[in-house]
Amino acid sequence: MFRRWLKVSDRCEACGLDYDFAAPDDGPAFFSLCFIAFPLLFLVVWFEVAMNPPWWAHLLVSAPLMIVPCLAALHPIKGWLVASQYVNQAQEAGTGALWAGLNARAKRDAEGRTPYATAAEAAPVAPAAPVAVPSALSAPASDALAERADG
């Protein structure tokens with residue numbers, strides 16, 4: 001599932017599932033901090049209050065106590081979030097077409113292809129519609145607006 005420590009692979013090596021849908025973003029860090037670091041903070045505070053150690057003892061005990069479990073949990077939490085996104089077909093509301101277009105563009109760019117094989121395949125661009133002036137403006141009001149624009 002991972003090609004590097006926290007980088008999700010493009011597809012599953014076992015079944016070929018495409019991981020384009022996977023976007024756990026900051027979720028693993030959030031869950032790691034909330035469910036691991038926050039409870040461990042009470043142990044660090046207890047250590048300070050009960051034993052009143054020197055500052056270097058906190059570097060040797062408290063820092064590893066907080067850092068190691070948080071980093072160790074990131075990998076399984078990210079795997080769990082990716083699996084949850086797949087099982088629940090999770091995506092932001094109304095962004096299905098946007099993500100499909102972005103993923104298609106990223107794949108084209110990675111393959112070195114242009115969006116269209118020829119210029120004839122490109123969709124024609126419609127000319128901009130003229131801007132209509134509301135008829136509710138009276139003649140003096142429109143004259144005042146014209147003077148401001150000229151002046």
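**Close-up views of a four-helix chain**

**View A. Helix α1 from end to end.** α1 has 25 residues, which at 1.5 Å a residue should span 36 Å; its end C-alpha atoms lie 35 Å apart, which agrees. The expected span is 1.5 Å times one less than the number of residues in the helix. Helices (H or I, at least four residues) and strands (E, at least two) are DSSP runs, numbered from the N terminus. This is a predicted model, in which local features need pLDDT of at least 70 and side-chain atom pairs count only at pLDDT 80 or more, while totals for chains, interfaces and linings use all residues. Residues are numbered from 1 along each chain as its sequence is written, and side-chain values use heavy atoms, with hydrogens and water left out. α1 covers residues 27-51. A kink of about 35° is centred on Leu-33. The bend at a residue is the angle between two fitted axes, one for the seven residues ending there and one for the seven starting there.

**View B. Ser-32 and its contacts.** Ser-32 sits in α1. Is Ser-32 buried or exposed? Ser-32 has a relative accessible area of 2%, so it counts as buried. Buried means under 20% relative accessible area, exposed means over 50%, and partly exposed lies in between (1.4 Å probe, protein chains only). Leaving out residues up to four places away in sequence, Ser-32 touches Ala-37, Cys-70, Ala-73, Leu-74 and Ile-77. Contact means heavy atoms within 4.5 Å. The buried residues of α1 are Gly-27, Pro-28, Ser-32, Ala-37, Leu-40, Val-44 and Phe-47. What covers them includes α2.

**View C. α1 against α2.** The two helices pack at an angle of about 155°, and their axes are 8 Å apart. That makes α1 roughly antiparallel to α2. The axes are lines fitted to C-alpha atoms, for helices over the stretch in contact, and angles run from 0 to 180 degrees between N-to-C directions. Angles under 35 degrees count as roughly parallel, over 145 as roughly antiparallel, 65 to 115 as roughly perpendicular, and the rest as oblique. The crossing of α1 and α2 is right-handed. A crossing is right-handed if the near helix is turned clockwise from the far one by less than a right angle, and left-handed if anticlockwise. The buried residues of α2 pack against α1. Those residues include Ala-57, His-58, Ser-62, Cys-70, Ala-73 and Leu-74. Further along α2, Ile-77, Lys-78, Gly-79, Leu-81, Val-82 and Gln-85 are also buried.

**View D. The bend in α2 and Trp-80.** α2 covers residues 55-88. Its 34 residues should span 50 Å at 1.5 Å a residue; the end C-alpha atoms are 47 Å apart, which agrees. Where does α2 bend by about 35°? The bend is at Leu-74, and a proline, Pro-76, follows within four residues. Trp-80 belongs to α2 as well. Its relative accessibility is 47%, so Trp-80 counts as partly exposed. The C-alpha atoms of Trp-80 and Pro-24 are 9.4 Å apart, although 56 residues separate the two along the chain.

**View E. Positive phi at Asp-25, Asn-52 and Gln-89.** Asp-25 lies in the segment before α1. Phi of Asp-25 is near 50°, a positive value in a residue other than glycine. Asp-25 has a relative accessible area of 61%, so it is exposed. Asn-52 comes just after α1, in the loop between α1 and α2. Asn-52 is not a glycine either, yet its phi is positive, about 45°. With a relative accessible area of 57%, Asn-52 is exposed. Gln-89 follows α2, and its phi is positive, near 50°.

**View F. Asp-20 and its distant partners in sequence.** Asp-20 is in the segment before α1. At 33% relative accessibility, Asp-20 counts as partly exposed. What does Asp-20 touch, not counting residues up to four places away in sequence? The contacts are Asn-103 and Lys-107. Asp-20 and Asn-103 are 83 residues apart in sequence, and their C-alpha atoms are 7.1 Å apart.

**View G. The whole chain, for orientation.** The chain has four helices and zero strands. From the N terminus on, the elements run α-α-α-α. Of the 151 residues in the chain, 19% are buried. Among contacts between residues at least 6 apart in sequence, 61% join residues at least 24 apart.
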